[in-house]
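Trainee: Before we start, could you show me the model, so that I can learn how to read its features one by one?

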Amino acid sequence: MSITQATQTDTHEFHADAECIYFTESLNHPSNNKILSRGKNDSASSRHLPNSNASKSAPPSLEEFIMKRDYTGAKVFLEFTLDSEEQDKQIIIEQWLAFCYFHLGDYQQALDQYQHIQQLEPAVEDLSLNRAVCMFYLGMYEDAQNLIEQIPNTALKLRLMFHLAHKFNNEEEVMNLLETFQLQVEDQLSVASMHYLRAHYQESVDIYKRLLLDNKDYTAINVYLALCFYKMDYYDMAQEVLDVYLTKYADSTIAINLKACNRFRLFSGRVAEQEIKNISDNGTFGADLIRHNLVVFRNGEGALQVLPTLLNIIPEARLNLAIYYLKNGEVQEAHSLLKEMQPTIPHEYILKGVVHASLGQQLKSQEHIKTAQQNLHLVGSSTAECDTIPGRQAMASAFFLYGQFEEVLVYMNSIRSYFVNDDIFNYNFAQAKCATGCYKEAEELLTQINDIDMKNQHTYCMILAKCHIHCGCPELAWNIFITRNSSSEAFLLLQMIANECYKCGEFWVAAKAFDMLEKLDPSPENWEGKRGACAGVLYGLVTKYEKSRPHNGIADVIGLLRDSSNPQAESMIKVIRKNANLLK
């Protein structure tokens with residue numbers, strides 16, 4: 001088998017590597033996402049949940065709970081006073097309860113509360129709109145859209161429609177609604193969050209900085225700014241901006257989560273998990289986010305239990321679940337999950353390319369391989385990504401699939417210093433080196449790999465054996481074969497050893513390999529290969545050629561020929577014995 005063929009069977013490893021790095025990236029894509037921008041949507045909806053009379057009617061102690069953002073305490077207080085109030089005040093308390101549930105992140109309970117209020121007092125102001133906001137956070141986009149169609153236009157409704165249009169990929173509606181937005185803070189925050197969701201992070205940064213200049217008391221904008229810096233891989237800068245907010249609100253779930261994501265990128269999942277251990281089980285706002293990221297920090301542990309429930313809530317959940325399937329060899333499941341996803345940002349294109357590459361190899365489908373090439377090449381050649389590490393990996397991946405290994409080396413060499421001890425990078429780098437004839441370097445890279453599963457793969461064995469042969473160590477290649485189980489893959493390995501040793505003049509190992517092949521398949525081709533290899537060994541003995549000499553000289557060659565059923569074997573043995581003196 002040629003090295004090109006061997007490499008093609010292993011492109012999955014190359015792209016699994018690309019996927020791992022891009023997404024942390026192996027399930028390594030912690031979410032810091034704002035969805036609609038959870039913090040922003042909270043602020044918007046909280047202005048409409050209770051009316052002005054509610055604030056006047058609320059007991060001072062309730063106001064203290066709300067000002068301290070102690071929504072759990074506020075909820076308990078409201079539940080305690082609910083039964084003792086008159087009917088008209090009960091409706092106000094019901095609204096405050098829904099408000100607390102919403103800010104605690106319990107959107108289903110908030111929606112149920114609003115529906116209960118709807119039954120008691122349908123005329124409550126903004127009731128349908130608040131229900132629609134809850135539905136949005138629950139991923140019930142069609143229900144939210146149907147509900148708000150009958151509601152008069154308000155600033156909040158238009159913002160909600162704006163984000164629903166994005167969820168429905170209705171670009172025309174997004175642009176139409178964008179034209180209705182004013183310079184007020186809430187509208188600008190929605191525009192910034194849309195840029196964020198589309199990976200236009202610098203545009204979001206510009207809006208947030210401008211808003212901060214005019215509204216220095218809006219401390220939460222620092223969190224949104226930190227989110228953008230995080231997405232731009234400026235983790236230290238993200239933490240610096242985030243600390244401005246954490247200094248004032250040290251118990252913020254969203255801020256602590258983002259700090260944990262920074263720690264994950266800069267250090268490890270274990271360090272990141274320590275940051276959120278105190279908020280992981282307390283049912284606070286952002287609980288879905290924490291559950292998602294704990295899966296990431298724990299390297300995929302609990303993925304099947306957690307991620308499927310978050311597919312329509314946290315965008316990264318779909319990507320990370322697909323990565324989980326890929327890492328566990330469930331390529332079809334990963335493809336089904338992403339089949340309808342239209343990529344809009346680089347890591348989505350990369351993951352889609354990885355999935356199609358893996359599926360194309362599994363099904364031997366050139367159509368899927370071509371789709372993978374297109375997605376990966378698009379990222380690698382884009383002006384925004386061409387000089388980033390993921391961008392260069394994507395381009396290397398594309399050229400790997402094209403079979404243009406000289407180009408692969410150009411891109412992999414440019415980022416090699418970042419992955420010196422990375423097994424998968426070294427594996428792919430070795431394949432490209434081997435394909436371009438750099439066998440010694442490829443051999444060194446392969447022997448550095450520690451991953452046992454990788455070292456047991458058929459392609460790894462094929463490439464390492466070929467490198468051993470071309471580096472003058474054919475016996476090491478033979479040892480790889482004899483440690484493999486009998487299978488069709490072992491047969492292919494044996495064929496490769498026989499042919500490569502013959503081409504390199506390593507005739508004794510070639511003779512042993514062809515002898516084994518003849519026993520398994522007594523075809524004329526295998527006999528001719530064995531005959532030629534034995535002749536090569538004899539020539540080496542006559543000319544004192546040091547390469548690949550049998551331990552017992554001509555006795556070993558005669559032993560191989562005796563095992564053959566081909567009539568020409570006996571004739572060769574007679575000739576060898578007749579000229580034995582010359583062969584000693």
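Mentor: Let us begin with a single residue, bearing in mind that this is a predicted model. V271 is found in helix α18, which covers residues 269-276.

Trainee: Is V271 buried or exposed, or does it fall in between?

Mentor: Buried means under 20% relative accessible area and exposed means over 50%, with partly exposed in between. V271 has a relative accessible area of 33%, and is therefore partly exposed. On the surface, V271 joins L266 and F267 in a nonpolar patch, and together these residues have about 250 Å² of accessible area.

Trainee: How many residues does the largest nonpolar core have, and which of them have the most contacts inside it?

Mentor: A nonpolar core is a set of buried nonpolar residues joined through side-chain atoms within 4.5 Å. Here the largest one has 123 residues, and those with the most contacts inside it are I66, I148, L160, Y208, I276, F297 and L351. Helix α7, at residues 87-103, supplies the largest share of this core, namely 10 residues. Another core, of 65 residues, lies apart from it and includes A396, F400, L560 and L561.

Trainee: Which feature does UniProt place at residues 91-124?

Mentor: The UniProt record, an unreviewed entry, places the feature "repeat: TPR" there, at residues 91-124. In the model, that span is 79% helix and 0% strand, and its end C-alpha atoms lie 9 Å apart.

Trainee: Turning to the backbone, what is the phi of D126, and where does this residue lie?

Mentor: D126 is not a glycine, yet its phi is positive, at about 60°. D126 is placed in the loop between α8 (107-120) and α9 (127-137). N299, also a residue other than glycine, has a positive phi near 60°, and lies in the loop between α19 (287-297) and α20 (303-306).

Trainee: Why is N299 called exposed?

Mentor: The cut-off for exposed is over 50%; N299 is exposed because its relative accessible area is 51%.

Trainee: To finish, which residues does K455 touch, if those up to four places away in sequence are not counted?

Mentor: With that exclusion, K455 touches I449, N450, Y460 and C461. K455 is found in helix α29, residues 452-455, and is partly exposed, with a relative accessible area of 32%. A distance in space can also be set beside a separation in sequence: K455 and Y427 are 28 residues apart in sequence, while their C-alpha atoms are 9.5 Å apart in space.

Definitions and conventions. Residues numbered from 1 in each chain as written. Predicted model: local features only at pLDDT ≥ 70, side-chain atom pairs only at ≥ 80, totals over all residues. Heavy atoms only, no water. UniProt positions renumbered as here; feature names shortened; annotations may be inferred. Helix = DSSP H or I, 4+ residues; strand = E, 2+ residues; numbered from the N terminus. Buried < 20%, exposed > 50% of the residue type's maximum accessible area, 1.4 Å probe, protein only. Contact = heavy atoms within 4.5 Å. Patch = residues over 30% accessible without salt bridge, like charges linked within 9 Å, V, L, I, M, F, W, Y side chains within 5 Å. Areas by Shrake-Rupley, 256 points an atom, 1.4 Å probe, with all protein chains shown as cover. Salt bridge = Lys/Arg side-chain N within 4 Å of Asp/Glu carboxyl O.
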